[in-house]
Amino acid sequence: MSRPAPPPRSRTRLAGWLLALCGCTAGLAGASEPAPPAHFAHGLGESVHLSVDGGFFALRHRPPQPRGWIILLNDAGVTPYAPGLLRDLHDQLPTRGWATLTIELPATADSADDWVDAARQRLGATIVWLQQRNEYAIVAIGHGLGALAALHHAGRATHGLRGIVAIDIDTPLHVAAGHDGRGASFHAVSSARLPLLDLYHEAGQTAVQAAAEQRLVAARLGGNEQYSWLALGDRDGHHGDPFTARRIAGWLERHADHIAAGQPAR
């Protein structure tokens, strides 16, 4: 006669003991975690599972003694670590001493505003994850709506960022898709109190240039003396651009002392 199956609680307890015996590391992809996304499989660094905000993956590329941590946020509709400027930054900044984290952002959302809010929450969760590991020298580099999510997060009382690089915040593509974030970006740059580099690809679009000039005015009126901006010509942030990568690396170098101050920005 076969023995009866153990009650559900016993099975759960037994599963917990087995996982403990396996030596699985909390926070890292392993037997107890879902498989990393395919687009991280051959990336530089290692896939890390952040068990916060419902759980999501990041691709971590860390030099031996990082000067700080750079969180990379893609634009909506773009696969994380896809070929382009952010991938170049992920791969190259560690050679200059900066650790990089390319995080998984929502694949879809009901609206652009919902996507930005969800991306902001994941950025916040990633910052908390780093702070729990005593890492406070944190910069966000975002492209498109990912940049807007970083700016929104910087408006929170304890955002934990030491700087932001925003690439192509306002583009005609976003406006055509029903998301005109210019009002939000004007408010964000005027209220930011941290080093902020605003990069945009003009591509002959007078609306993009006009929006950038208005952000500059908003930053000056808001008293943000650490705001700077630069037009990047006709390419866009979806493509690799060695000049832009060097420009961002130089900006990080100029603000290295502030970034490495050791306390989260307030």
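Student: Which residues of α2 meet T244, A245 and I248 in α8?
Tutor: This is a predicted model. In it, helix α2 covers residues 85–92 and helix α8 covers residues 242–254. By class, their contact has four nonpolar, two polar and no charged residues. On the α2 side, the residues that meet T244, A245 and I248 are L85, L89 and Q92.

Student: Is α2 parallel or oblique to α8?
Tutor: The axes of the two helices are 10 Å apart, and the packing angle is about 50 degrees. Angles from 65 to 115 degrees would count as roughly perpendicular, and those under 35 as roughly parallel. The angle here falls in neither range, so α2 is oblique to α8.

Student: Does α2 pass α8 in a left-handed or a right-handed crossing?
Tutor: The angle of about 50 degrees does not by itself give the hand. The hand depends on whether the near helix is turned clockwise or anticlockwise from the far one. For α2 passing α8, the crossing is right-handed.

Student: How many of the 10 residues of helix α4 are buried?
Tutor: Buried means under 20% relative accessible area. Among the residues of α4 that meet this are L145, G146, L148 and H153. Helix α4, residues 145–154, is largely enclosed by the rest of the structure, because the number of its residues that are buried is nine.

Student: At what angle do the axes of α3 and α4 cross?
Tutor: Residues on both helices take part in the contact, including W115 and R120 in α3 and A149 and H152 in α4. The contact divides into 10 nonpolar, four polar and one charged residue. The axes come within 8 Å, and they cross at roughly 60 degrees.

Student: Why does A112 count as partly exposed?
Tutor: A112 is found in helix α3, residues 112–131. The C-alpha atom of A112 is separated by 8.0 Å from that of L145, which is 33 residues away along the chain. Partly exposed lies between the limits of 20% and 50%. A112 falls in that class because its relative accessibility is 25%.

Student: Which element gives the most to the largest nonpolar core?
Tutor: That core has 42 residues, and those with the most contacts inside it are I71, I164 and L196. Leaving aside neighbours within four places in sequence, I71 is in contact with residues including L123, I127 and L130. With eight residues, the element that gives the most to the core is α3.

Student: How many residues are in the second, separate core?
Tutor: Its members include L86, I141, L199 and A245. A245 also takes part in the contact of α8 with α2. The size of this second core is 22 residues.

Conventions
Residues numbered from 1 in each chain as written. Predicted model: local features only at pLDDT ≥ 70, side-chain atom pairs only at ≥ 80, totals over all residues. Heavy atoms only, no water. Helix = DSSP H or I, 4+ residues; strand = E, 2+ residues; numbered from the N terminus. Buried < 20%, exposed > 50% of the residue type's maximum accessible area, 1.4 Å probe, protein only. Core = buried A, V, L, I, M, F, W, Y, C linked by side-chain atoms within 4.5 Å. Contact = heavy atoms within 4.5 Å. Axes fitted to C-alpha atoms, helices over the stretch in contact; angles between N-to-C directions. Parallel < 35°, antiparallel > 145°, perpendicular 65-115°, else oblique. Nonpolar A, V, L, I, M, F, W, Y, C, P; charged D, E, K, R; others polar.
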